[in-house]
Each structure stands twice: as C-alpha cells, then as structure tokens.
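Got the structure open in your viewer? Keep a selection tool handy and follow along, one stop at a time.

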Amino acid sequence: MEGLFVILVCQLVGEIVVRTLDLSMPAPALGIVLLLGYLWLADRRTGSEDGAAHTRVNGVADTLLKNLGVLFVPLGVGVMQNYRLIYEYAGTIVIAVVVSTIVTLMVTVGAFLLASKLSGAEGAGDGH
Amino acid sequence: MDTSGRVFELWVYLSTSPLLWLTVTIGAYIAAQRLAAASGFNPIVNPVLISVALVVLILTATGTSYSAYFDGAQFVHFALGPATVALAVPLYRNRTLIRQNFVPVIVALVAGSLTAIVCATGVALLLGAPDSVAISLAPKSATAGIAVGISQQLGGDPALTALLVIFTGVLGAIIVTPLMNLLRIKNYAARGFAAGLTSHGIGTARAFQVNEIAGTFSGLAMALNGILTSAIAAIVLGLLL
C-alpha cells in the first residue's frame with residue numbers, strides 16, 4: 001500500500017506543478033523524475049542500495065508495468081468516436097508512421113554505435 | 001412479464017453499469033493475450049490491438065456509446081498515470097548501465113527522439129494533413145500514458161494518438177529484428193535501445209524475446225524517451241507548424 005501511495009504522490013505533485021507553472025508536459029512524465037528522486041534520496045538516507053523503500057515501490061511498479069497493455073485499451077477504443085478523421089487521412093497516417101518508424105530505428109541505432117565507438121576510444125569499457 | 005422482457009430489462013440495467021464494461025475490457029484483454037500466446041507471441045498478434053478491436057465490435061453490435069463504455073473502463077484507464085510514473089523503477093534499477101554507456105545513451109536518445117517527432121510530423125504535413133493530425137502523430141514513439149497527455153495539451157486528438165502509439169509499437173516490433181539483421185548490427189545494446197525508443201513498451205516486450213541485454217536497453221530507452229519527448233514536443237512542434 002505504501003508503494004502505491006508513493007507513486008500516487010509523485011503523480012499528484014507532478015500534476016500540481018504542471019498546472020501551477022502551466023507547463024506543456026504531462027504530469028506522469030514529471031512523476032517519473034520525482035520518483036527517481038525519491039528512490040535516490042531513500043538510498044542516500046539508509047546508506048544502502050535498494051533498501052526497504054525500494055521493496056515497497058518495486059512490487060507495485062512491477063505489477064503495473066507487467067499489465068501496461070490492458071491500460072491502453074480504453075483509450076484505443078476511443079477511436080470509434082472519430083473514425084472519420086482516420087478514414088479521411090488513412091493513407092497519410094500510414095505513410096507517416098511507416099517512414100518515421102524505419103527512420104527512427106536507423107537513426108537511433110546509428111547514433112548509439114557511432115557514439116560508443118567515439119567514446120570507446122577514450123578507453124571507457126562500455127561493454128557489449 | 002415474459003422471459004425476453006426480463007432479459008431486456010436486465011440488459012438495460014447492465015449496459016449502463018460500470019461493472020459490465022470494466023469486466024468486458026479485462027475479459028477482452030485476457031482473450032487477446034491467449035491468442036498472442038497461441039501464436040507464439042508473434043508481434044503481429046498484438047494483444048492491445050486485438051482487445052481494442054474486440055471491444056469496439058461489442059460496443060457497435062450492442063449500440064453502446066463510448067461514454068457509457070468509459071464509465072466502466074475509466075477504472076482501468078486511471079491506472080495508466082501511476083503505471084507511467086512507475087517507469088522510474090526500472091530506470092533507477094539500471095542506473096549503473098546508463099552510467100557505463102552514458103555517451104551513446106544520451107546521443108542516441110536525443111537523435112532518436114528528435115527524429116521520431118520531426119519525421120512523423122514532417123511527412124504528414126508534406127502530404128497535406130491538417131495540424132490536428134500532425135500533432136497527434138508527433139509523440140507516437142513515446143509510451144501511451146505520456147503520448148496521449150502531450151497530444152491533449154498541444155491540440156491533437158488523444159484517441160488518434162493512442163491508436164498511433166499502438167500502431168508504431170506493433171510496426172517497430174515487427175521490423176526491428178529483420179532491419180537490424182539486414183544492417184548487420186550485432187550490438188544488442190544498440191539494437192534494443194533503438195527498439196525501445198521507437199516502439200516503447202511493445203518494442204521492449206519484443207526486445208526481451210530476442211536478448212536480455214536488448215530488452216534492458218529497450219526499457220531504458222522507453223523511459224528516457226518518454227521524459228524527453230514530453231519536454232521537447234511543444235518546442236519542436238512550435239518550429240514545424
């Protein structure tokens with residue numbers, strides 16, 4: 001229960017900050033950063049890695065993430081409300097998604113390999 | 001009263017109660033997961049896509065409105081926020097991995113995140129799509145909980161974005177392995193990172209099937225790209241539109 005509470009508080013604080021400062025970023029994204037801060041602080045305080053604070057949060061987080069798929073379903077079903085927009089621009093949407101998916105995969109993998117080669121030259125063993 | 005009258009009365013009651021549609025949502029997902037398992041987890045047989053189709057079919061057949069459905073489904077929908085926040089946990093767990101690969105991770109993150117937004121939006125605008133469609137496309141490589149929030153805040157169509165997120169996830173999961181083999185890339189950290197950045201949770205599930213290292217890097221990329229996309233989408237779109 002405490003793990004769920006911590007996660008909800010992070011989201012709630014995220015929501016308050018986003019609304020107060022009128023940020024154009026979703027509250028859960030800020031919530032990730034806040035939860036990272038909580039875990040880091042918890043480690044600092046106990047002086048141990050992955051202590052009791054982690055055990056509390058980890059169980060809830062793993063359960064939520066394991067069932068992430070089902071959480072998309074209500075949103076996906078919402079598409080039945082405006083199928084016209086999709087019909088009208090189906091060709092454009094499919095081309096945009098296909099092109100950007102292929103290009104993004106290639107750019108990302110290329111950038112990763114290039115950067116590891118360049119930084120690897122400094123002698124930092126980046127493994128793998 | 002005859003039997004059909006009673007059945008009708010019961011239906012009228014149940015079809016407007018949250019319980020029925022909450023149960024249908026979870027039931028459809030379990031059925032879709034069984035189908036995915038039966039296919040040997042082929043990425044084309046995506047449980048999210050199948051359960052959305054199943055639910056839409058049921059709602060259309062019974063003449064149920066989306067708002068009546070959402071009264072029940074909102075209890076599932078609500079958990080999307082906390083589930084997104086929970087991404088911090090695997091991110092923190094793998095902090096040593098990030099530290100060891102700091103330069104490639106940051107470079108690939110920035111390059112990939114920008115490419116995903118600019119490329120999707122750019123192609124749509126070039127083909128004459130209206131701004132609302134282009135905005136809905138922009139965050140589609142980010143995980144759903146974040147992408148939908150961005151779309152909503154910037155004037156896109158959240159439901160369309162949700163579908164585009166799933167579409168991008170499924171497509172990336174299908175093409176990542178053949179594409180990387182074609183390019184002869186053997187670095188599984190790099191392959192996984194590209195899968196997670198492009199195709200979020202669906203790509204990550206696929207990456208874990210291929211290789212443990214690929215899966216871990218994919219999960220990192222998903223969480224990092226969610227944060228970065230939410231920070232830069234508004235700025236990049238401001239320059240493009």
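Start by selecting B:Ala88 and showing whatever it touches, ignoring residues up to four places away in sequence: you should land on A:Ile32, A:Leu35, A:Leu36 and A:Leu39. Keep in mind as you click around that this is a predicted model.

Now widen the view from that alanine. B:Ala88 belongs to the largest nonpolar core, a set of 115 residues. Add B:Ala120 and B:Phe193 to your selection, since together with B:Ala88 they are the residues with the most contacts inside this core. Then pick residues 158–182 of chain B, which is helix α11. Helix α11 of chain B gives the most to the core, with 13 residues.

Next, colour chain B by domain. Select 3–78 for domain 1 and 85–240 for domain 2. If you drop a marker at the centre of each domain of chain B, taken over C-alpha atoms, the two markers sit 28 Å apart. Where the domains of chain B meet, look for 6 residues from domain 1 and 7 residues from domain 2. What kinds of residue make up the domain 1 side of that contact in chain B? On that side, 5 are nonpolar, 1 is polar and none is charged.

While chain B is selected, switch to colouring by pLDDT. The mean for chain B is 93, and 100% of its residues reach 70 or more. Two helices of chain B are good places to compare: α1 (residues 3–14) has the lowest mean pLDDT among the elements of the chain, at 84, while α8 (residues 102–126) has the highest, at 97. For the complex, the predictor gives an ipTM of 0.89 and a pTM of 0.88.

Time to hide chain B and look at chain A alone. Turn on the cartoon and count: there are 7 helices and 0 strands, so to speak an α-α-α-α-α-α-α run from the N terminus on. How far does the C-alpha trace of chain A span along its principal axes? About 60 × 45 × 30 Å. The radius of gyration of chain A is 21 Å, whereas a compact globule of 128 residues would come in near 14 Å.

Last stop: colour chain A by burial. Of its 128 residues, 41% count as buried. If you draw the contacts in chain A between residues at least 6 apart in sequence, 36% of them join residues at least 24 apart.

Notes:
Residues numbered from 1 in each chain as written. Chains lettered and ligands numbered in written order. Predicted model: local features only at pLDDT ≥ 70, side-chain atom pairs only at ≥ 80, totals over all residues. Helix = DSSP H or I, 4+ residues; strand = E, 2+ residues; numbered from the N terminus. Rg over C-alpha atoms; globule rule 2.2 N^0.38 Å. Buried ≥ 20, exposed ≤ 12 C-beta atoms within 10 Å, placed from the backbone. Contact = placed C-beta atoms within 7 Å. Domains from an automatic or database assignment. Nonpolar A, V, L, I, M, F, W, Y, C, P; charged D, E, K, R; others polar. Core = buried A, V, L, I, M, F, W, Y, C linked by C-beta atoms within 7 Å. pLDDT = per-residue confidence, 0-100.
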